[in-house]
Amino acid sequence: MATVLSGTSGALYYSPAGTSVTTLTASAFPSSGGNITVGSQLGYRVNDTVTLAYPSGATVTNCIAANNYFVKTYDASTGEMTVSTTAGGSAVAATAAPTFLAGTFASITFTEPLVVGSVRE
């Protein structure tokens, strides 16, 4: 999997390839704890910014809330991810799994490239 670097005005931005949007069924979410099964070999990295969204009509009481997060951990071999509300923060945990209609999906979206360096004259 390739890593994408781009830049303008002396800034370099990092965007992992292949992780723009990942769709998830309700079974991908934990009923307790914080491991979300997003899929293997997607290239997520610790502190990538992601947005979790649920489909309309989903029941999400005591679940990992729809929100903007930072990737806390990602295991490419198992496809499990944990998220935190701050870079380097504690993993968010659930006490219930979400439910939503069959044929609808939640999503985790890579939200923005991160500045990894800048060059000045």
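In the predicted model, strand 7 (80–84) is largely enclosed by the rest of the structure, because four of its five residues are buried. The pairing of strand 7 involves two neighbours. With strand 6 (67–75), strand 7 pairs in the antiparallel sense over five bridges, and within this ladder F70 has S84 of strand 7 as its bridge partner. The two strands form a hairpin with four residues between them, and in the turn G79 adopts a positive phi of about 80°. Strand 4 is likewise antiparallel to strand 7, to which two bridges join it, with T37 standing opposite E80 of strand 7.

These pairings belong to an open sheet of six strands, in which the order is 3-8-5-6-7-4 and the pairing is antiparallel. The edges are formed by strand 3 (21–24) and strand 4 (36–37), each of which pairs on one side only. Within the same sheet, strand 5 (residues 49–53) and strand 8 (residues 106–110) are antiparallel and share four bridges, and A53 stands opposite S107 of strand 8. S107 has a relative accessibility of 17%, under the 20% limit, and therefore counts as buried. Apart from residues up to four places away in sequence, S107 touches V21, T22 and T23 as well as T51, L52 and A53.

The protein as a whole contains nine strands and zero helices, so that, with strands taken as DSSP runs numbered from the N terminus, its pattern along the sequence reads β-β-β-β-β-β-β-β-β. Of its 121 residues, 35% count as buried. Among contacts with a separation of 6 or more, 65% are accounted for by residues 24 or more positions apart. The exposed surface amounts to about 6700 Å², of which carbon and sulfur atoms supply 53%.

The largest nonpolar core comprises 23 residues, and the members that touch the most others are F29, V38, Y44, I64 and I108. Two or more residues are given to this core by each of strand 5, strand 6, strand 7 and strand 8, and strand 6 gives the most, with three. The surroundings of I108 can be described in greater detail: when neighbours within four places in sequence are left aside, I108 is in contact with S20, V21, T22 and L24, with I36, V38 and Y44, with V50, T51 and L52, and with M81. The contacts of I108 thus include Y44 and V38, which are themselves among the core residues that touch the most other members.

Aromatic contacts were examined separately, and a search of the whole structure finds three aromatic pairs. One of them, formed by Y44 and Y74, is edge-to-face, with 5.5 Å from centre to centre and 70° between the planes. Since Y44 lies in the loop between strand 4 and strand 5 whereas Y74 belongs to strand 6, this pair ties together parts that are 30 residues apart in sequence. Both partners lie under the 20% limit and therefore count as buried, Y44 at 4% relative accessibility and Y74 at 16%. Elsewhere, F29, Y54 and F100 are linked by ring pairs into a cluster, and F29 is also one of the residues that touch the most other members of the largest nonpolar core.

Conventions:
Residues are numbered from 1 along each chain as its sequence is written. This is a predicted model: local features need pLDDT of at least 70, side-chain atom pairs count only at pLDDT 80 or more; totals for chains, interfaces and linings use all residues. Side-chain values use heavy atoms; hydrogens and water are left out. Two strands pair if DSSP finds at least two bridges between them. A nonpolar core is a set of buried Ala, Val, Leu, Ile, Met, Phe, Trp, Tyr and Cys residues joined through side-chain atoms within 4.5 Å. Buried means under 20% relative accessible area, exposed over 50%, partly exposed in between (1.4 Å probe, protein chains only). Contact means heavy atoms within 4.5 Å. Accessible areas come from the Shrake-Rupley method with a 1.4 Å probe; for residues, only the protein chains shown count as cover. Rings of Phe, Tyr and Trp (its six-membered ring) pair if their centres lie within 6.5 Å; planes under 30 degrees apart count as stacked, over 60 as edge-to-face and the rest as tilted.
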